[in-house]
Amino acid sequence: MQHVLLERVEYQIETTHFGIWRRYLYPTGVYFAEFKSHSTFLGLPLVHYTRGICPETGKRIVAKGVIGIGRLATGVLAIGQASFGVVAVGQLGLGLLLGLGQGSTGWIAIGQLAIGLYFGLGQMATGSIAIGQLGLVKYVLAQMGFGEHVWS
């Protein structure tokens, strides 16, 4: 990928009724895009979407919005490879209320490794109630379970 950090970046900017798109196509064909909605809530855009590496910084931009969508995302609803929010969906979903992903945390967690405070559903699960191959809690339904009330 060509180094463009020291050059002036010519974005393709498109303003729509909902928000602003900022796009850049590297000479190698790699694509960068970012969308921020005009609507905001508590200073955060309602929707923030990112894709690719920012040509100005050479780094990925974290999608921060009420709804954040990108490889790295935060928000009330966060969707991304690594996401953090009230509801987080992604390969690593760190949710406060609901975590959904390969590795997830939250009040309710669903995933391969589900670390739930109340309920965990996954291959390895924790919480007050856990369902999975390996469960570690009070009420367990698992192939191999450890807890107060185990059904295996």
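This report looks at selected strands, surface residues and contacts in a predicted model.

**Strand β3 and its partners**

Strand β3 covers residues 31–37, and because five of its seven residues are buried, this strand is largely enclosed by the rest of the structure. Strand β2, made of residues 19–25, runs antiparallel to β3 and is joined to it by seven bridges. Within this pairing, Trp21 stands opposite Phe35 of β3. The two strands β2 and β3 form a hairpin in which five residues lie between them, and Gly29, found in the turn, has a positive phi of about 100°. Strand β3 is also paired with strand β6, which spans residues 47–51; these two run antiparallel as well, and four bridges join them. Here Glu34 stands opposite Thr50 of β6.

Ser37 is a useful residue to inspect in strand β3. Is Ser37 buried or exposed? Its relative accessible area is 12%, and because buried means under 20%, Ser37 counts as buried. The side chain of Ser37 reaches two backbone atoms: the oxygen of Ser39 at 3.1 Å, and the nitrogen of Leu46 at 3.1 Å. Leaving aside residues up to four places away in sequence, Ser37 touches Phe18, Gly19, Pro45, Leu46 and Val47.

**A loop residue with a positive phi**

Leu42 is placed in the loop between β4 (40–41) and β5 (44–45). Although Leu42 is not a glycine, it has a positive phi of about 55°. With a relative accessible area of 77%, Leu42 is exposed.

**The nonpolar surface patch**

Further along the chain, a nonpolar patch on the surface is formed by Val76, Phe84, Val86, Leu92, Leu94, Leu96, Leu97, Trp107, Ile108, Leu117 and Tyr118, which together have about 990 Å² of accessible area. At least two residues of this patch come from each of the strands β10 (82–89), β11 (92–100), β12 (103–110) and β13 (113–151). Which strand gives the most to the nonpolar patch? The answer is β11, with four residues. Trp107, one of the patch residues, is found in strand β12, and at 42% relative accessibility it counts as partly exposed.

Leu98 lies in strand β11, and with a relative accessible area of 27% this residue is partly exposed. When residues up to four places away in sequence are not counted, Leu98 touches Val86, Val87, Ala88, Thr105, Ile108 and Ile110; of these, Val86 and Ile108 are members of the nonpolar patch. Phe119, in turn, is found in strand β13. With the same neighbours in sequence left out, Phe119 touches Trp107, Ile108, Ala109, Thr126, Ile129 and Ile131, and among them Trp107 and Ile108 belong to the patch.

A general point may help in reading these strands: in a regular strand the side chains alternate between the two faces of the sheet.

**Separations along the chain and in space**

The table sets the separation along the chain beside the separation of the C-alpha atoms for two pairs of residues.

| Pair | Separation along the chain | C-alpha separation |
|---|---|---|
| Leu98 and Gly145 | 47 residues | 23 Å |
| Phe119 and Ile61 | 58 residues | 32 Å |

Technical notes. Residues numbered from 1 in each chain as written. Predicted model: local features only at pLDDT ≥ 70, side-chain atom pairs only at ≥ 80, totals over all residues. Heavy atoms only, no water. Patch = residues over 30% accessible without salt bridge, like charges linked within 9 Å, V, L, I, M, F, W, Y side chains within 5 Å. Areas by Shrake-Rupley, 256 points an atom, 1.4 Å probe, with all protein chains shown as cover. Salt bridge = Lys/Arg side-chain N within 4 Å of Asp/Glu carboxyl O. Buried < 20%, exposed > 50% of the residue type's maximum accessible area, 1.4 Å probe, protein only. Pairing = 2+ DSSP bridges. Contact = heavy atoms within 4.5 Å. Polar contact = N/O pair within 3.5 Å; in protein donor to acceptor, adjacent residues only side chain to side chain.
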